[in-house]
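This report describes one protein chain for a reader who has not met it before. Please keep the sequence and the 3D view open while reading.

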Amino acid sequence: MSDVKEACFEELGLGQSCVTHNRVTEEDIIKFSEVTGDVNPIHLDAAYAAESVFGERIAHGMISAGYISAIFGTTFPGPGTIYLSQSLKFRAPVKINDMVDTTVTVTELNEKRKRVTLSCECKVGDTVVLTGEALLMVPSPKTA
């Protein structure tokens, strides 16, 4: 039995947000490549990446998107949340050892369907690297 509190739709309000901070490491990029099979040399091959528009290796964009997913399933709203959809725009690269600050903010509540819309943003310093919008289903409290 888990001690983690399950999410509750009724506890959410417009404008509520959550922020996390994650450093993207070399190990993260390698593991992501292994798990997904995305072995694009822009992520893994320094010589190849040096000749790219970025001039160096960059992280998979979906690593930053994963930070959004992690917030929803573990912190805000939290366990019990069902991820229904996500739009993403990758705006700038994330490089090895960058600190990614991820913010999700409630923008709409649909009480009838227990749906929550959130804006999503990832930044490295002052640079926005990812934006998007997510739709979640969040349960109401269980009745005993």
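The text below goes through the overall fold, the sheet, the helices, the largest pocket and a few backbone details.

**Overall fold**

The model is a predicted one. The protein chain contains four helices and five strands. From the start of the sequence to its end, these elements follow the pattern β-α-α-α-α-β-β-β-β. The C-alpha trace spans about 60 × 35 × 20 Å along its principal axes.

**The sheet**

The five strands form an open sheet in the order S1-S3-S4-S5-S2, and the pairing is antiparallel. S1 (17-23) and S2 (82-90) are the edge strands; each has a single partner strand, so one side of each has no neighbour in the sheet. From one strand to the next, the twist averages 20°. In general, the strands of a sheet pair through backbone hydrogen bonds, in a parallel or an antiparallel way.

The table lists three of the strand pairs with their bridges.

| Strand pair | Sense | Bridges |
|---|---|---|
| S1 and S3 | antiparallel | seven bridges |
| S2 and S5 | antiparallel | eight bridges |
| S4 and S5 | antiparallel | ten bridges |

Single residues help to locate these pairs in the 3D view. Val19 has Thr103 in S3 as its bridge partner. Leu135 in S5 is a useful landmark: Ser85 stands opposite Leu135, and Thr117 also stands opposite Leu135. S3 covers residues 99-110, S4 covers 115-124, and S5 covers 127-137.

**The helices**

Which strands does H4 lie across? Helix H4 lies across S1, S2, S3, S4 and S5, and runs at about 145° to S2.

H4 (residues 61-74) also packs against H1 (residues 26-36), at an angle of about 95° and with the two axes 10 Å apart. Angles of 65 to 115 degrees count as roughly perpendicular, which means that H1 is roughly perpendicular to H4. On the H1 side, the contact is made by Asp28, Ile29 and Phe32, and on the H4 side by Met62, Ile63 and Tyr67. By class, five residues of this contact are nonpolar, none is polar and one is charged.

**The largest pocket**

H4 appears again in the lining of the largest pocket. This pocket has a volume of about 170 Å³. Its lining is made up of 14 residues, and those nearest its centre are Ala59, Gly61, Phe90, Ala92 and Pro93. H4 and S5 each supply at least two residues of the lining. What is the largest share of the lining, and where does it come from? The largest share is three residues, and it comes from H4. Sorted by class, the lining has ten nonpolar, three polar and one charged residues.

**Backbone details**

Three places in the backbone can be picked out by their torsion angles. The peptide bond from Phe76 to Pro77 is cis, with omega near -5°. Pro77 is found in the loop between H4 and S2.

Asn97 has a positive phi, near 75°, and is a residue other than glycine. Asn97 sits in the loop between S2 and S3.

Gly125 also has a positive phi, in this case near 65°. Gly125 belongs to the hairpin of S4 and S5, where two residues lie between the strands.

**In brief**

The predicted model has an open sheet of five strands with antiparallel pairing. H4 lies across the strands S1, S2, S3, S4 and S5, packs against H1 and gives three residues to the lining of the largest pocket.

Technical notes:
Residues are numbered from 1 along each chain as its sequence is written. This is a predicted model: local features need pLDDT of at least 70, side-chain atom pairs count only at pLDDT 80 or more; totals for chains, interfaces and linings use all residues. Side-chain values use heavy atoms; hydrogens and water are left out. Axes are lines fitted to C-alpha atoms, for helices over the stretch in contact, and angles run from 0 to 180 degrees between N-to-C directions. Angles under 35 degrees count as roughly parallel, over 145 as roughly antiparallel, 65 to 115 as roughly perpendicular and the rest as oblique. Contact means heavy atoms within 4.5 Å. Ala, Val, Leu, Ile, Met, Phe, Trp, Tyr, Cys and Pro count as nonpolar, Asp, Glu, Lys and Arg as charged, and the others, Gly among them, as polar. On a 1 Å grid over the protein atoms alone, a cavity is a set of points where a 1.4 Å probe fits but cannot get out, and a pocket is an open set with protein on both sides within 12 Å along at least five of seven lines; lining residues have an atom within 4 Å of a point. Grid points are joined across faces, edges and corners, and a volume is the space filled by probe spheres set on the points. Two strands pair if DSSP finds at least two bridges between them.
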